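Thanks for coming, everyone. I would like to walk you through a few local features of one structure, so please have a look at it with me before I begin.

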Amino acid sequence: MESIQQSLKKMPNSKTIMNKFQLLKEEVLADKLVIEFIQANPDIPEMELDRNISRLFEFRNERDNCSVCTSYHTCPNMMKGFQPELFIERSQIQIRYNVCDKKLANDEQKRQQTLIKSLYVPKEILSASFDSLEQDNRSRINAIGKAFEFASTINPGETGKGLYLHGEFGVGKTYIMGAIANVLAKRNISSMLVYTPDFFRELKSGIHDGSYIEKLDLVKSVPVLILDDLGAETMSSWIRDDILGVILQHRMLENLPTLYTSNHDFSLLEEHLSYSQKGGIEQLKAKRIMERIRHFSESIYIEGRNRRGN
């Protein structure tokens with residue numbers, strides 16, 4: 001096969017084209033990485049270099065892109081997230097593309113996100129991190145510290161104690177839970193955030209065809225379960241005894257930690273659980289549920305301004 005240079009000589013206006021080719025060749029061969037490749041392979045004949053100027057040009061341009069790349073999402077290369085590499089095969093210059101570090105990091109982040117499941121929880125909560133949490137009062141500092149310790153040390157199946165964050169509306173309880181879920185994902189621990197009122201409502205709609213059983217089993221067995229806004233649901237005997245009680249009993253026996261957010265402290269939650277839609281007060285049944293919450297989670301109060309809408 002003749003070189004590009006030999007082909008250009010046969011074309012009309014070959015002198016002008018040859019001059020441009022020579023300039024391009026000089027430019028490409030002056031590239032630092034191309035020089036390093038040639039120095040590492042000193043037996044490459046001049047004709048082989050001429051024949052592969054376009055390949056070296058491609059390599060130089062793509063690597064230049066890589067040198068200023070800031071993220072996988074802004075990668076301008078022909079193959080997004082891949083970095084070119086020159087090599088010799090059968091005495092010929094070849095180019096191959098390898099996955100770059102930024103794509104590897106992006107793929108790992110996606111894999112970690114698959115470890116966080118959610119039901120009825122806003123997307124921004126799923127990207128929460130401890131770095132972005134404001135520590136503007138003592139109760140938040142304490143809660144964030146406890147939350148980080150939990151996320152960094154918990155081993156589901158071995159230690160089943162969770163956290164119970166309670167306080168007024170909008171103080172950031174759910175956001176802290178999102179940060180916990182992300183740290184757990186980095187430790188390859190699956191978690192599930194569930195907005196409790198909507199979850200219970202959906203289970204109830206699946207009673208007639210039994211479809212609620214599959215969802216119930218999923219929540220029972222996830223390594224770390226986060227029940228968001230417990231106490232905001234409309235309580236009934238069925239939800240309390242056949243859903244919440246079943247979930248907590250299974251998780252207690254399996255040493256699987258459950259975390260909660262609520263506007264109620266333990267006393268108010270017990271009172272909430274004692275009501276039924278029938279109008280009666282069932283304190284004993286409420287106490288039975290509270291035994292599985294009170295003794296298997298640490299109660300942490302959070303105060304502060306309402307952060308919603310800020």
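Let me start with the cut-offs for accessibility: a residue is called buried when its relative accessible area is under 20%, exposed when that value is over 50%, and partly exposed in between. Please keep in mind throughout that what you are looking at is a predicted model.

With those cut-offs in hand, take Asn188, which sits in the loop between α9 (173-186) and β5 (191-195). Its relative accessibility is 48%, so Asn188 counts as partly exposed. Its backbone also deserves a look, since phi of Asn188 is near 60 degrees, a positive value in a residue that is not glycine. As a general background, most residues other than glycine have a negative phi.

A second case of this kind is Asp229, where phi is near 65 degrees, again positive and again in a residue other than glycine. Asp229 belongs to the loop between β6 and α12. Is Asp229 buried or exposed? Its relative accessibility is 17%, and because the limit for buried is under 20%, Asp229 counts as buried.

That loop brings us to the elements around it. Strand β6, residues 224-228, pairs with β7 in the parallel sense, over three bridges, and within this pairing Ile226 has Leu259 of β7 as its bridge partner. Together, β6, helix α12 (residues 237-253) and β7 form a β-α-β unit, and this unit is right-handed.

Strand β7 also pairs with β4, residues 162-167, and here too the strands run parallel and are joined by three bridges; Leu165 has its bridge partner in β7 at Thr261. How much of β7 itself, residues 258-262, is covered? Five of its five residues are buried, and this holds for both faces, with Thr258, Tyr260 and Ser262 buried on one side and Leu259 and Thr261 buried on the other.

Finally, I would like to turn to Cys75, which is found in the loop between α5 (53-68) and β1 (82-89). With a relative accessible area of 15%, Cys75 is buried. Which residues does Cys75 contact, once its neighbours within four places in sequence are left aside? They are Cys69, Lys80 and Gly81. As for Lys102, it is 27 residues from Cys75 in sequence, while the C-alpha to C-alpha separation of the two in space is 9.2 Å.

I will stop there and take your comments.

Note on methods: Residues are numbered from 1 along each chain as its sequence is written. This is a predicted model: local features need pLDDT of at least 70, side-chain atom pairs count only at pLDDT 80 or more; totals for chains, interfaces and linings use all residues. Side-chain values use heavy atoms; hydrogens and water are left out. Helices (H or I, at least four residues) and strands (E, at least two) are DSSP runs, numbered from the N terminus. Buried means under 20% relative accessible area, exposed over 50%, partly exposed in between (1.4 Å probe, protein chains only). Contact means heavy atoms within 4.5 Å. Two strands pair if DSSP finds at least two bridges between them. A crossover is right-handed if, with the strands pointing away from the viewer, the path from the first strand over the helix to the second runs clockwise.
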